[in-house]
Amino acid sequence: MDIPKIHESEYRFCLIMWEHEPVSAAELARLCQAQLGWKRTTTYTVIKRLGERGILKNENGTITSIVSQDEAQACEIDELVEKKFKGSLPAFIAAFTKRQNMSEDELDEVQQMIDRIRKGGSQ
């Protein structure tokens, strides 16, 4: 499934939606007003736009996602690696780890992921 691009302000909206779904449009408008400072009309416009693009569905005023948070994040990472690192995952990881101090627990967790991938398992 091709995942439509979710722009930054839409992504902030989606974070709220993912946390509360299924959620009524009215409650989502209230949450967006409190957390993002949006007017009710802005929230309804974003609901309509994301619905048209197949990111969420609005059934009788109840909002649920079609695209999950994991799917959206994976798509963003793929795009970042492709655009900025010419598709090279090792180059991305090298750049990321150069600027990050990783704890022993985090290094162990990454190593466990690599080990699972080598054994043919999922991440």
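Here's a quick briefing on two packed helices, one helix's length, and a pocket. Keep in mind that this is a predicted model. Helices H1 and H3 pack at an angle of about 95°, and the largest pocket holds about 730 Å³ of space.

**How H1 meets H3**

- When two helices pack, people describe the pair by the angle between their axes and the distance between those axes.
- Here, H1 covers residues 8-20 and H3 covers residues 40-52, and their axes sit 11 Å apart at about 95°.
- Angles from 65 to 115 degrees count as roughly perpendicular, so H1 is roughly perpendicular to H3.
- On the H1 side, the contact is made by Glu10, Phe13 and Cys14.
- H3 brings Thr43, Val46, Ile47, Arg49 and Leu50 to that contact.
- Sorted by class, the contact has five nonpolar residues, two charged ones and one polar one.

**Checking the length of H6**

- H6 runs through residues 104-118, which makes 15 residues.
- At 1.5 Å a residue, H6 should span 21 Å, and its end C-alpha atoms are indeed 21 Å apart, so the two values agree.
- After H6 comes Gly120, which has a positive phi, near 90°.

**The largest pocket**

- Lining this pocket are 16 residues, and the closest to its centre are Leu89, Phe92, Ile93, Val110 and Met113.
- Three helices each supply at least two lining residues: H4 (69-85), H5 (89-99) and H6.
- By class, the lining has twelve nonpolar, three polar and one charged residues.

How values were computed
Residues numbered from 1 in each chain as written. Predicted model: local features only at pLDDT ≥ 70, side-chain atom pairs only at ≥ 80, totals over all residues. Heavy atoms only, no water. Axes fitted to C-alpha atoms, helices over the stretch in contact; angles between N-to-C directions. Helix = DSSP H or I, 4+ residues; strand = E, 2+ residues; numbered from the N terminus. Parallel < 35°, antiparallel > 145°, perpendicular 65-115°, else oblique. Contact = heavy atoms within 4.5 Å. Nonpolar A, V, L, I, M, F, W, Y, C, P; charged D, E, K, R; others polar. Expected span 1.5 Å × (residues − 1). 1 Å grid on protein atoms, 1.4 Å probe; cavity = no way out; pocket = protein on both sides within 12 Å on 5 of 7 lines; lining within 4 Å. Points joined across faces, edges and corners; volume = space filled by probe spheres on them.
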